[in-house]
Amino acid sequence: MQTQSLDNIQLINEIQLGTNLNHAVESGRRADFSLMLALLSSDLHENIPVDTTPTETQSSQQLRAYFEIPASQPLTSTASCYQRSAEQAQAFHQASLTSTRLLAELQPTALCYPPQQTKGLPEDLFHNLSIHERRKLPPVDPKPLQATPQDLYLALIKSKRLSEMSWAA
């Protein structure tokens, strides 16, 4: 008696069965009908036709260039924002409010101008400090440690030797 493996039979949908499934139903062969249904794949992703989406996505800069949208308004000030603000003020004094609005839309300035060189403190608080108190403030950017693993190892050995000497004395 020969056994036949069903591992090689891969039925994805009923179209691969042709008219065999219909003939099994019409002639009342329940065993054949059950076998054919059992051989069909139960994975929904194989049975449902799915359109693949394009994998190429466009960046926001490419979309801005395609739709001719200008650069977005920056949140905090940059070096160019001060120049733009001066140009807008000059346009207001020389022309009108309309020209100022036009410049603001063409070249948007920052929404926020945070205080500069106040070491992270609010401006009014920083200016109320004396010179001596300002000098005691930590620097804006903490300096990174200049230690290497070798330096740490040497410091640990030195510390161990000193503690051994203090216990011996």
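**Exercise 1. Thr118 and its surroundings**

Classify Thr118 of this predicted model as buried or exposed, then work out where Thr118 lies and what its side chain reaches.

*Solution.* Start with accessibility: Thr118 has a relative accessible area of 4%. The cut-off for buried is under 20%, so Thr118 counts as buried. Next, place the residue: Thr118 sits in the loop that runs between α6 (97-106) and α7 (123-128). Now follow the side chain, which comes to 3.0 Å from the backbone oxygen of Leu121. Finally, look for partners further along the chain: leaving aside residues up to four places away in sequence, Thr118 touches Glu123 and Phe126.

**Exercise 2. Cysteines**

How many disulfides does the model have, and is Cys81 buried or exposed?

*Solution.* Recall that a disulfide is a covalent bond between the sulfur atoms of two cysteines. The test here is a pair of cysteine sulfur atoms within 2.5 Å, and by that rule the count is zero. For accessibility, Cys81 is at 1% and therefore counts as buried. Cys112, at 38%, is classed as partly exposed.

**Exercise 3. Two helices in contact**

Describe how α1 packs with α2: what are the angle and the axis separation, and which residues make the contact?

*Solution.* First the geometry: α1 (residues 20-27) and α2 (residues 30-39) pack at about 150 degrees, and their axes are 8 Å apart. Their crossing is left-handed. Then the residues: α1 contributes Asn20, Leu21, Ala24 and Val25, while α2 brings Asp32, Phe33 and Met36. Sort these by type, and you get five nonpolar, one polar and one charged.

Methods:
Residues numbered from 1 in each chain as written. Predicted model: local features only at pLDDT ≥ 70, side-chain atom pairs only at ≥ 80, totals over all residues. Heavy atoms only, no water. Buried < 20%, exposed > 50% of the residue type's maximum accessible area, 1.4 Å probe, protein only. Helix = DSSP H or I, 4+ residues; strand = E, 2+ residues; numbered from the N terminus. Polar contact = N/O pair within 3.5 Å; in protein donor to acceptor, adjacent residues only side chain to side chain. Contact = heavy atoms within 4.5 Å. Axes fitted to C-alpha atoms, helices over the stretch in contact; angles between N-to-C directions. Left-handed = near helix turned anticlockwise from the far one by under 90°. Nonpolar A, V, L, I, M, F, W, Y, C, P; charged D, E, K, R; others polar.
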